[in-house]
Amino acid sequence: GSPLDEIWSIPAYASGTIYAAAEISHLRAGQTVVAVWTNASGAEIGRSAQSIAADAVRQWVALPWTLDGTLPPGTYAVFIYVDDIRHNSLVFRIG
């Protein structure tokens, strides 16, 4: 289902898994949803993907990213793509 909690800030040098959750319409089996995680300068620092198993009129997709405790405080972003077409983005803070 849908996300249980929504956060916009993560403690500095945190470790663990965070998720970019997106509700996406009109997905087809075989499509790939990708989250590209970037730092403030736009450099890619992580990527996660999920393959869609079945057609869906509307579906929540959770894309995990594991933090290793090395990211300094700052502004970061995640961009959501479906088959290489950007659908949305979210800015969040660490620290």
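Q: Which residues do ring pairs link into a cluster?
A: That cluster is made of W37, W65, Y76 and F92. Rings of Phe, Tyr and Trp (its six-membered ring) pair if their centres lie within 6.5 Å; planes under 30 degrees apart are stacked, over 60 edge-to-face, and the rest tilted.

Q: Anything to know about the model before I go on?
A: It's a predicted model, where local features need pLDDT of at least 70 and side-chain atom pairs count only at pLDDT 80 or more, while totals for chains, interfaces and linings use all residues. Residues are numbered from 1 along each chain as its sequence is written, and side-chain values use heavy atoms, with hydrogens and water left out.

Q: OK, back to the rings. How many aromatic pairs turn up in the whole structure?
A: Searching the whole structure gives three aromatic pairs. In one of them, W37 and W65 are stacked, at 4.8 Å centre to centre with 20 degrees between the planes.

Q: Where do W37 and W65 sit in the chain?
A: W37 is in strand β3 and W65 in strand β5, 28 residues apart, so to speak of linking distant parts of the chain fits this pair. Strands here are DSSP E runs of at least two residues, numbered from the N terminus.

Q: And is W37 buried or exposed?
A: W37 counts as buried because its relative accessibility is 2%. Buried means under 20% relative accessible area, exposed over 50%, and partly exposed in between (1.4 Å probe, protein chains only). W65 is buried too, at 9%.

Q: What about Y76 and F92, why is that pair stacked?
A: Their ring centres are 6.0 Å apart and their planes meet at 25 degrees, so the pair counts as stacked. Y76 lies in strand β6 and F92 in strand β7, 16 residues apart, and the pair links distant parts of the chain. Y76 has 6% relative accessibility, so it counts as buried. F92 is buried as well, with a relative accessible area of 6%.

Q: New topic: how many residues are in the largest nonpolar core?
A: It has 22, and I24, V33, W37, I80 and F92 have the most contacts inside it. β2 (15–27), β3 (32–39), β5 (56–68), β6 (74–82) and β7 (85–94) each supply at least two of its residues. A nonpolar core is a set of buried Ala, Val, Leu, Ile, Met, Phe, Trp, Tyr and Cys residues joined through side-chain atoms within 4.5 Å.

Q: Which strand gives the most to this core?
A: That's β2, with five residues.

Q: And what does I80 touch?
A: Leaving out residues up to four places away in sequence, I80 touches A20, A22, I24, V33, V34, A35, L63, I85, R86, H87 and N88. Contact means heavy atoms within 4.5 Å.

Notes. Helix = DSSP H or I, 4+ residues; strand = E, 2+ residues; numbered from the N terminus.
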